[in-house]
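Student: I have a structure to read and some terms I do not follow. Could we go through them one at a time?

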Amino acid sequence: MGKGVKILRPGVYAPVLTPFSNDIRQDLELEAFRAGVLRLAQAGVGLILSGTLGEGNLLSRSEKSALVKGAKEVLRQNDLETDVPIIAGVGAGSFRETIEAAKDAAAEGAHAVIVVAPGYYSFVFGKDKQALKEFFIAVADASPVPVLLYNIPFASGGIDLDADFLIDISGVKLTCFNISRGHRVALHVNSAEYRSRHTSPFLVLPGSTDYMLPALVARQHGCIGGRANLYPKVCMKLFRLATEAIESGDFDKFREAQQLQDLVTMADSHINRVGFLGIKSAMDIHARTESANVKLGGDFRRPLPRTNEFVLQNMSEGLREIFAMENSL
C-alpha cells in the first residue's frame, strides 16, 4: 500500500476512454486504448481506468483487469511507471464484488482504486449514513491499495455524500459540482491536526475541469475531469500555473491561469451543450496520434447511443481554439 500512497499526488487525472471495435461484438480495442494512455501519461495526467467516461459499468471483470494491465505495460515501456498514477474504478453492486475487483486491479499494478456507492438498492439504504460509512470503511480496510470515494449522485441512485461524511480513505472525487462542499473537506484534510493523525494524503478532486482554478483557490488538489482526455497539456498547464501562483502570490501568473481557465471553461461549455457523448467524438475529430488508423474515441458500448450530426458539428467547431493551444504545447 505504501507505494500506491506515494505516487498519489495533487494534479490532473483523466477518466480514460475505453475504445471498442466497430462491430456487433464491440470488443476492447487495446491498441487504441494504449495510444490514449500514452498520450495522457506523456502530458503528466494521472489515469482513472474503468470510470464513468470509461464505461466501467459496461465492462466485464476480465476487461477491467486487461485495461489495468495494458496501462501498466505502456507506462513501463516508456519509463513513466513511477511518474503516473493508475487508479482503477471498482464500484460494484456489493461489498464482495467491489473487493474482488480491487484485488484484481491491485494484482495488475493499480496504485489505488475508486469506489462509488452501490446505487441499485439506494431506496433501502441511501439515506442511512451509518450503513454507507460502514460500507466504505469496510472497503478501505479490505482493499490491498488505497481507496478514493466517488460521489456522483445522479449515477448512484441519488446517494449524495455531504462534507461531514469523512472517513480515513485516500481521497474523494466530487462530481456533485459543489465547490463549497469540496472546500470544507479540503480545509479539514489540509489541517495540521488531520495531517498529524494521517500519514497518507487525502486528495479532494472536483469532477470537472471547468472550475479547476476556483477549486484550487478553495484548497482542493486538482481535478478528475473527462475533458482532460481531450486537452491534457492545457489542463496540466492550468494546474501548474494556478498552484505556482497560489503558493508564490504571483498575481501575473494568476491572471495567466485565469485566462487559461476561461479557455477551458468555454471549451467545456460546448461539450456540456451536447452532453457526455460528445467527448469520444471530439477525440476522433481533434486528437493527434502517431497512427492515422487508430481512433482514440469511437462508439460507446451499447446500450449507449451513437452520436448524431448535431454533436459532431458542435465538437468540430466549438473546440478549435483550445485544440490550437493544445497542439502548440
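Student: Which residue in β8 does V12 stand opposite?

Tutor: V12 stands opposite C223 in β8. Keep in mind that this is a predicted model.

Student: What makes β1 and β8 a pair of strands?

Tutor: Two strands pair if there are at least two bridges between them. β1 (residues 11-15) and β8 (residues 222-224) are joined by 3 bridges, so they meet that condition. The two strands run parallel.

Student: How do you know that β1 also pairs with β2?

Tutor: By the requirement of at least two bridges. β1 and β2 (residues 46-49) have 3 bridges and pair in the parallel sense, so they count as a pair. In this pairing Y13 stands opposite G46. Between these strands, helix α2 (residues 30-42) completes a right-handed β-α-β unit with β1 and β2.

Student: How many residues of β1 are buried?

Tutor: In β1, 5 of its 5 residues are buried, and the strand is described as mostly covered.

Student: Now the rings. Why is the pair of Y231 and F323 called edge-to-face?

Tutor: The search of the whole structure finds 6 aromatic pairs. In the pair of Y231 and F323 the centres are 6.1 Å apart, which is within the 6.5 Å limit, so the rings count as a pair. Their planes stand at 80°, and over 60 degrees is edge-to-face, so that term applies. The pair links distant parts of the chain, with Y231 in the loop between β8 and α10 and F323 in helix α14, 92 residues apart. Both Y231 and F323 are buried.

Student: Why is the pair of F276 and F300 called tilted?

Tutor: Their centres are 5.3 Å apart, within 6.5 Å, so they pair. The planes are at 35°, which is neither under 30 nor over 60 degrees, so the pair is tilted. F276 is in the loop between α11 and α12, and F300 is in the loop between α12 and α13, 24 residues apart.

Student: Are F276 and F300 buried or exposed?

Tutor: F300 has a relative accessible area of 3%, which is under 20%, so F300 is buried. F276 is at 35%, between the 20% and 50% cut-offs, so F276 counts as partly exposed.

Student: What makes K280 a candidate for a charge over the ring of F300?

Tutor: The distance limit is 6 Å from the ring centre. K280 is at 4.8 Å from that centre and lies over the face of F300.

Student: Which residues form one aromatic cluster?

Tutor: Y120, Y121 and F123.

Methods: Residues are numbered from 1 along each chain as its sequence is written. This is a predicted model: local features need pLDDT of at least 70, side-chain atom pairs count only at pLDDT 80 or more; totals for chains, interfaces and linings use all residues. Side-chain values use heavy atoms; hydrogens and water are left out. Buried means under 20% relative accessible area, exposed over 50%, partly exposed in between (1.4 Å probe, protein chains only). Helices (H or I, at least four residues) and strands (E, at least two) are DSSP runs, numbered from the N terminus. A crossover is right-handed if, with the strands pointing away from the viewer, the path from the first strand over the helix to the second runs clockwise. A charge sits over a ring if NZ of Lys or CZ of Arg is within 6 Å of the ring centre and within 35 degrees of the ring normal.
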